Amino acid sequence: NRLPKPTGKGKDGGFGFNIFDNKLVARINWYETESQDERTNAANLLLGRLIYSDTTTGIPWASAVQRIRNGIAAGRTLEQIVAVNNWNSNTVNNVADEANQRRIYDLIKLPYLYYDGLSSGATQNSQAKGVEVQLTYNPTPNWTMKFTGSKQQATYTNVAPQYDAWLAVRLPIWQTNSAPEIPDFTDGSGRRYSLRNFWTGYGYTGVAQIENTNGNTSAQAYHTNVVESIVALAKALEGAVSPLQRIYHASFLTNYSFAEGRLRGFAVGGSARWESKAAIGFFGKVGDPRNSPTVINLSDVTRPVYDNGNFYADLWVSYSRKIYRDKIAWKLQLNINNATEGGRLMPTQVNFDGTPWAYRIIDPRQFILTSTFTF
């Protein structure tokens, strides 16, 4: 398939001014960009999930069907085939050879080894805009201060149109793939099987078992829970500010160097950085109120779950002087990075009930001593 060629356009600008004999410098910058048909990991994720109904459930269903058909062709009854422990495995009923694999791909109506080495290359359009304000103030030659504040937003549209095109091709096949001659049965281990219809069948893989309590009771249910839920979220967020995006940022930096007296050669400084809160997930909602009123499997984009934002503070002190007959500049500096941080786990993803399920490790404050020689 031919993918569209990425294109982009944008505009930016800014202005600045100096006052107080160049002691105060101010500048404002802004930008706006648009990119069309760009390949992104987010779009690839949607297309990658879509093929689960071929790879994660489709091939296991077709493999189970082929094992039974091979056994019946060899003169065994269905009861004799499934009574054997681990009957649905290559150890007992092998279908790993090329001839059987080709029949399996025929059952799911795809060319042999179709997805092997295939790159999805899904695309989307994105827009970004922002504004930044910078203030630099030097009240004395040895004292500097800088403040920066910014607002930036990024949105996307037309995410993974390839998903919709491939779904239109594959969904009718998934819904009609069948092995009508195989009745429902329970095998020797007590697992219940239904292979007559792939889309609503069960038993042939762990993510499509009628006994599952997580809602993954068939290929269709697995597709709804694992594929449609993430696609619905991506489509609902088209044109909205992306999750995990921190819109506002601010920072302040200052440094003072002692030019005379007993502290000559010493310098002290610090910086502070702040980032606004970001959505780390969404509360869930029922995706199919009529057929599954108790199954929460979709994100409710109207109810985001936010983190608390971030604040960082750094401190430093240094001493500089000339050594070796003033031929070498020596500088000794102690930095305390993230001075107010004691170490913690920061949630980055949440379940549908708002409880975290993924974290990022935030290291405690760091002390770094460096010695620099400049020749």
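## Salt bridges, a pocket and a surface patch

Arg344 is partly exposed, with 37% as its relative accessible area. Please keep in mind, as you look around, that this is a predicted model. The side chain of Arg344 meets that of Glu341 in a salt bridge, with 3.1 Å from N to O. Is Glu341 buried or exposed? Glu341 is buried, because its relative accessible area is 10% and the cut-off for buried is under 20%.

### Charged pairs

The model holds nine salt bridges. Three of them are set side by side here, with the N to O distance and the relative accessible area of each partner.

| Salt bridge | N to O distance | Acidic partner | Basic partner |
|---|---|---|---|
| Asp307 and Arg246 | 2.6 Å | Asp307, 11%, buried | Arg246, 15%, buried |
| Asp314 and Arg273 | 3.0 Å | Asp314, 13%, buried | Arg273, 36%, partly exposed |
| Glu341 and Arg344 | 3.1 Å | Glu341, 10%, buried | Arg344, 37%, partly exposed |

Let us take the pair of Asp307 and Arg246, whose side chains meet at 2.6 Å, N to O. This pair links distant parts of the chain, 61 residues apart: Asp307 sits in the loop between E10 and strand E11 (310–323), and Arg246 in the loop between H7 and strand E7 (248–257). Which residues make up the network of salt bridges that includes Arg246? The network links Arg246, Glu275 and Asp307. Asp307 counts as buried because its relative accessible area, 11%, falls under the 20% cut-off. Arg246 is buried as well, at 15% relative accessibility.

Now for Asp314 and Arg273, whose closest N and O atoms are 3.0 Å apart in their salt bridge. Here too the pair links distant parts of the chain, with Asp314 in strand E11 and Arg273 in strand E8, 41 residues apart. Asp314 is buried at 13%, whereas Arg273 is partly exposed at 36%.

### The largest pocket

The largest pocket has a volume of about 800 Å³. Its lining is made of 29 residues, and those nearest the centre are Leu45, Ile230, Leu233, Ser299 and Gln349. Two or more lining residues come from each of helix H1 (41–50), helix H7 (219–236), strand E9 (279–288), strand E10 (292–306) and strand E13 (344–350). Which element gives the largest share of this lining? That is H7, with six residues. By residue type, the lining divides into 19 nonpolar, nine polar and one charged.

### A nonpolar patch on the surface

On the surface, a nonpolar patch of about 840 Å² is made by Trp143, Tyr256, Leu263, Phe266, Val268, Val317, Leu332, Leu334, Phe367 and Leu369. Strand E8 (266–275), strand E12 (328–337) and strand E15 (366–374) each give two or more residues to this patch. Phe266 has its place in strand E8. With a relative accessible area of 33%, Phe266 is partly exposed, so this side chain passes the cut-off of over 30% that patch residues need.

### Two loop residues with positive phi

Finally, have a look at two backbone spots. Asn86 is not a glycine, yet its phi is positive, at about 60 degrees. You will find Asn86 in the loop between helix H4 (78–82) and helix H5 (98–107). Tyr324, another residue other than glycine, has a positive phi near 55 degrees. The loop between E11 and E12 holds Tyr324, which is exposed with a relative accessible area of 59%.

Technical notes. Residues numbered from 1 in each chain as written. Predicted model: local features only at pLDDT ≥ 70, side-chain atom pairs only at ≥ 80, totals over all residues. Heavy atoms only, no water. 1 Å grid on protein atoms, 1.4 Å probe; cavity = no way out; pocket = protein on both sides within 12 Å on 5 of 7 lines; lining within 4 Å. Points joined across faces, edges and corners; volume = space filled by probe spheres on them. Helix = DSSP H or I, 4+ residues; strand = E, 2+ residues; numbered from the N terminus. Nonpolar A, V, L, I, M, F, W, Y, C, P; charged D, E, K, R; others polar. Patch = residues over 30% accessible without salt bridge, like charges linked within 9 Å, V, L, I, M, F, W, Y side chains within 5 Å. Areas by Shrake-Rupley, 256 points an atom, 1.4 Å probe, with all protein chains shown as cover. Salt bridge = Lys/Arg side-chain N within 4 Å of Asp/Glu carboxyl O. Buried < 20%, exposed > 50% of the residue type's maximum accessible area, 1.4 Å probe, protein only.
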